[in-house]
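This report covers chain folds, the contact between chains, and a few selected elements. The sequence and structure come first.

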Amino acid sequence: MQEILQYFFSGITAGAVYAVIALGFTLLFNATGLINFAQGEFVMLGALVLITLWKVLALPLIVAFALSVAVVALIGILMERMALRTVRKPHPIVMVIITIGISIFLRGVGMLTWGKDAHSVEPFTQHAPVEVYGATLLPQSLWILGIVLIIVAGLQFFFKKTLAGKAMEACAISKKAAWLLGIPSEKMVLAAFAMSAAMGGVAGVLIAPITMSSYDMGTMLGLKGFCAAMLGGLGSVLGAVIGGLLLGVIEAFGVGLVASGLKDVLAFLILLLILYLRPSGLLGAKSIQRF
Amino acid sequence: MKRQAGLSFTVVVMWVLLLVGTGAGTVAWAGDVYRIGGIFAVTGPSSFLGDPEKRSMEMAIDEINAAGGIDGRKLEAVIYDSEGEPTKAVLAANRLISRDRVLAVVGTSLTPTTLAVIPIMERNRIPLVSCAAGIDITEPVRPWIFKTAQSDALAVGAIYEHMKKEGIERIGILTVENAFGESGRHQLQTKAEEFGIQIVHASSFGARDTDMTAQLTRIRGTNPDAIVCWGTNPGPAVVARNLQQLNINVPLYQSHGVASPRFIELAGDAADGIYLPTGKILVADQLPEDDPQKEVLTRYIESFESRFRMPVSGFGGYAYDAVYLLAEALKGSDGDREKIRSSLEQISGHVGVTGIFNFSPEDHNGLSSDAFVMVRIENGEWKLLDQ
């Protein structure tokens with residue numbers, strides 16, 4: 001019982017981070033129909049920028065948090081402006097390949113800036129772990145879950161209640177029609193890039209205290225986030241969260257009850273099954289275009 | 001027309017370079033020097049091994065030459081960078097043999113690159129003293145192949161000996177999913193019976209995993225007396241932190257793979273209380289005065305740090321020892337490779353940086369488990385345990 005609960009806590013924590021990464025995929029997909037393979041590198045940048053600002057420059061946590069996310073969002077904007085906007089024939093495959101190139105580029109920048117060694121940082125707050133029926137719940141896990149909750153509530157509000165959110169959704173449905181209605185679709189795409197990159201930055205900030213951060217951490221996290229987004233259904237905010245949490249919990253139980261070597265296998269097995277059996281994901285729209 | 005001129009200029013330059021290159025190769029072969037080759041991963045992901053090894057080799061050669069050389073002849077080093085890649089190591093080996101005509105080779109830095117050059121060395125009958133740890137290099141024994149780095153088996157032996165003293169019988173092991181972790185797991189499992197230790201659970205983790213609480217929870221469920229983690233940074237630091245977070249009060253043993261200040265930095269106060277085996281170089285200042293290696297270690301550390309203005313690492317010593325072992329074997333050999341080989345094999349009681357080498361026709365590593373000492377991390381410092 002105690003062990004089952006512990007696997008659940010481990011899974012929820014990892015899953016919440018996957019969920020934030022999946023949200024990044026989903027936000028961008030919603031507005032542009034693009035899959036950004038540099039999403040994992042945004043996570044890496046978020047983690048390493050936080051370590052620099054908070055640990056090395058000793059800024060207050062809240063400032064370091066906000067600045068890290070802002071820096072990553074800015075990188076997302078630059079990426080859209082410099083690498084993607086300038087493409088003459090924006091065929092989806094071309095765009096996806098460009099994002100892969102950007103991910104390799106960002107990894108190189110990360111290596112040159114922070115070196116090849118891993119870096120670590122303290123948890124947000126120094127509370128003792130909480131005991132729940134013999135299982136340990138870390139304060140950092142509570143922080144992660146709380147922040148994810150706030151993000152999801154904020155996004156739901158943004159898309160359902162605000163004009164900007166609805167405009168962004170309109171762009172996703174039909175860019176041309178939205179443009180005809182006077183929605184500045186170019187700005188919406190830029191905003192989507194900034195928000196999506198910011199999600200990656202948040203995920204990096206959240207994960208930095210529970211693990212070791214290095215320039216090459218992003219690839220695997222990006223893939224896991226992609227799995228989570230596919231599992232929940234690309235394009236659905238709630239789906240991304242459920243997909244992330246589910247993936248984290250499945251992984252933790254896989255390690256705990258089956259075999260530790262199977263952890264990554266499970267994630268990708270799920271991805272393959274979803275693509276084969278239900279390409280729209282658990283909560284996704286029934287029809288989804290794949291390229 | 002202009003383009004053609006440019007082309008012919010390039011051709012001329014290439015010819016000149018080629019002539020100069022081969023010229024240097026033949027002219028310098030005068031017979032008044034003993035030339036030794038070196039192949040190290042000086043750049044690339046394993047440069048943390050190859051870079052100090054190259055520096056240490058150059059330093060050892062300068063020291064020997066300053067002391068008058070060997071039988072009146074100077075030593076000369078020709079060192080190539082393998083970048084940690086077997087194909088480049090093979091190219092370098094061929095070049096050392098056919099162009100530089102070296103008497104013996106020191107290196108390579110990694111087990112895969114060493115295994116790749118072994119056939120070339122054996123075919124050309126050139127003594128090779130490797131700086132890599134893999135046990136496959138010297139087991140089975142090959143006449144021309146030696147190595148100075150401690151095998152993983154010795155680290156396992158040091159851990160198990162310490163456990164026996166502490167009365168630990170049931171252990172859980174957690175190894176990283178790469179060649180280092182696999183080798184560690186294999187050695188831990190094969191040696192367990194010899195020391196009366198039972199492995200109650202074996203788990204693994206990916207080199208880039210961010211969280212090991214699930215594995216540790218599972219190990220906790222089997223009630224072990226101690227946990228052994230086998231990996232290189234950053235995974236083992238995550239394990240140390242998770243263990244502290246889960247409040248598992250079981251002694252944690254790490255491998256020599258994390259024996260660097262970096263590990264303490266990453267794990268923070270979770271590093272306190274961890275046991276691990278390491279070469280004596282990490283705790284040289286804590287060694288008792290009567291330790292046979294103390295003098296060599298102090299001299300090596302002082303000259304390395306004053307010469308290169310960088311902190312010494314545990315790895316350069318492999319190349320330093322290799323050069324001194326070869327120097328001893330070169331004495332009276334008159335440059336005959338078979339004589340070098342057979343006198344290497346007979347070296348015993350050679351006090352090096354890594355340990356005390358006792359080579360024999362059956363043992364081409366020559367180290368015993370006293371090449372490792374057990375240390376405990378206390379308040380972020382390495383603390384040498386009573387042996």
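A residue counts as buried if 20 or more other C-beta atoms lie within 10 Å of its own, with C-beta atoms placed from the backbone. The model is predicted, and every value below is computed from it.

By that cut-off, Thr213(B), Ala214(B), Gln215(B), Leu216(B), Thr217(B), Arg218(B), Ile219(B) and Arg220(B) of H7(B) are buried. These make up 8 of the 8 residues of helix H7 (residues 213-220) of chain B, so the helix is largely enclosed by the rest of the structure. What do the buried residues of H7(B) pack against? Their partners come from both chains: H1 and H10 of chain A, together with strand S6 (170-176), strand S7 (198-205), strand S8 (226-230) and helix H8 (235-245) of chain B.

**Contact between the chains**

In the contact of the two chains, 25 residues belong to chain A and 24 residues to chain B. On the chain A side, helix H1 (2-32), helix H10 (237-258) and helix H11 (263-277) each supply at least two residues. H1(A) gives the largest share of that side, with 5 residues. By residue class, the side of chain A that touches chain B has 12 nonpolar, 9 polar and 4 charged residues.

**Chain A**

Chain A contains 11 helices and 2 strands, in the sequence pattern α-α-α-α-β-β-α-α-α-α-α-α-α. Its radius of gyration is 19 Å, close to the 19 Å that the globule rule gives for 291 residues, so chain A is as compact as a globular protein of that length. The C-alpha trace of chain A spans about 60 × 45 × 35 Å along its principal axes. Of the 291 residues of chain A, 51% are buried. Among contacts in chain A between residues at least 6 apart in sequence, 76% join residues at least 24 apart.

H1(A), already named in the contact with chain B, also packs on helix H5 (residues 139-161) of chain A, at an angle of about 35° and with the axes 10 Å apart. The crossing of H1(A) and H5(A) is left-handed. From H1(A) the contact takes Phe9(A), Ile12(A), Thr13(A), Ala16(A), Val17(A), Ala19(A), Val20(A) and Leu23(A), and from H5(A) it takes Ser141(A), Ile144(A), Leu145(A), Val148(A) and Ile151(A). These residues divide into 11 nonpolar, 2 polar and no charged.

**Chain B**

The domain assignment of chain B gives domain 1 (30-151 + 299-368) and domain 2 (153-283 + 372-384). The C-alpha centres of domain 1 and domain 2 of chain B lie 30 Å apart. Each of the two domains of chain B brings 9 residues to the contact between them. On the domain 1 side, these divide into 4 nonpolar, 5 polar and no charged.

Val373(B) is part of strand S13 (residues 372-378) of chain B. Is Val373(B) buried or exposed? With 25 other C-beta atoms within 10 Å, Val373(B) is buried. The C-alpha atoms of Val373(B) and Leu287(B) are 10.0 Å apart, although 86 residues separate the two along the chain.

The residue classes of the contacts described above are set out together here.

| Residues | Nonpolar | Polar | Charged |
|---|---|---|---|
| Side of chain A that touches chain B | 12 residues | 9 residues | 4 residues |
| Contact of H1(A) with H5(A) | 11 residues | 2 residues | no residues |
| Side of domain 1 of chain B that touches domain 2 of chain B | 4 residues | 5 residues | no residues |

Definitions and conventions: Residues are numbered from 1 along each chain as its sequence is written. Chains are lettered from A and ligands numbered from 1 in the order in which they are written. This is a predicted model: local features need pLDDT of at least 70, side-chain atom pairs count only at pLDDT 80 or more; totals for chains, interfaces and linings use all residues. Two residues are in contact if their C-beta atoms, placed from the backbone, lie within 7 Å. Helices (H or I, at least four residues) and strands (E, at least two) are DSSP runs, numbered from the N terminus. Ala, Val, Leu, Ile, Met, Phe, Trp, Tyr, Cys and Pro count as nonpolar, Asp, Glu, Lys and Arg as charged, and the others, Gly among them, as polar. Domain bounds come from an automatic or database domain assignment. Axes are lines fitted to C-alpha atoms, for helices over the stretch in contact, and angles run from 0 to 180 degrees between N-to-C directions. A crossing is left-handed if the near helix is turned anticlockwise from the far one by less than a right angle, and right-handed if clockwise. The radius of gyration is taken over C-alpha atoms; the globule rule is 2.2 Å times the number of residues to the power 0.38. A residue is buried if 20 or more other C-beta atoms lie within 10 Å of its own, exposed if 12 or fewer, and partly exposed in between; C-beta atoms are placed from the backbone.
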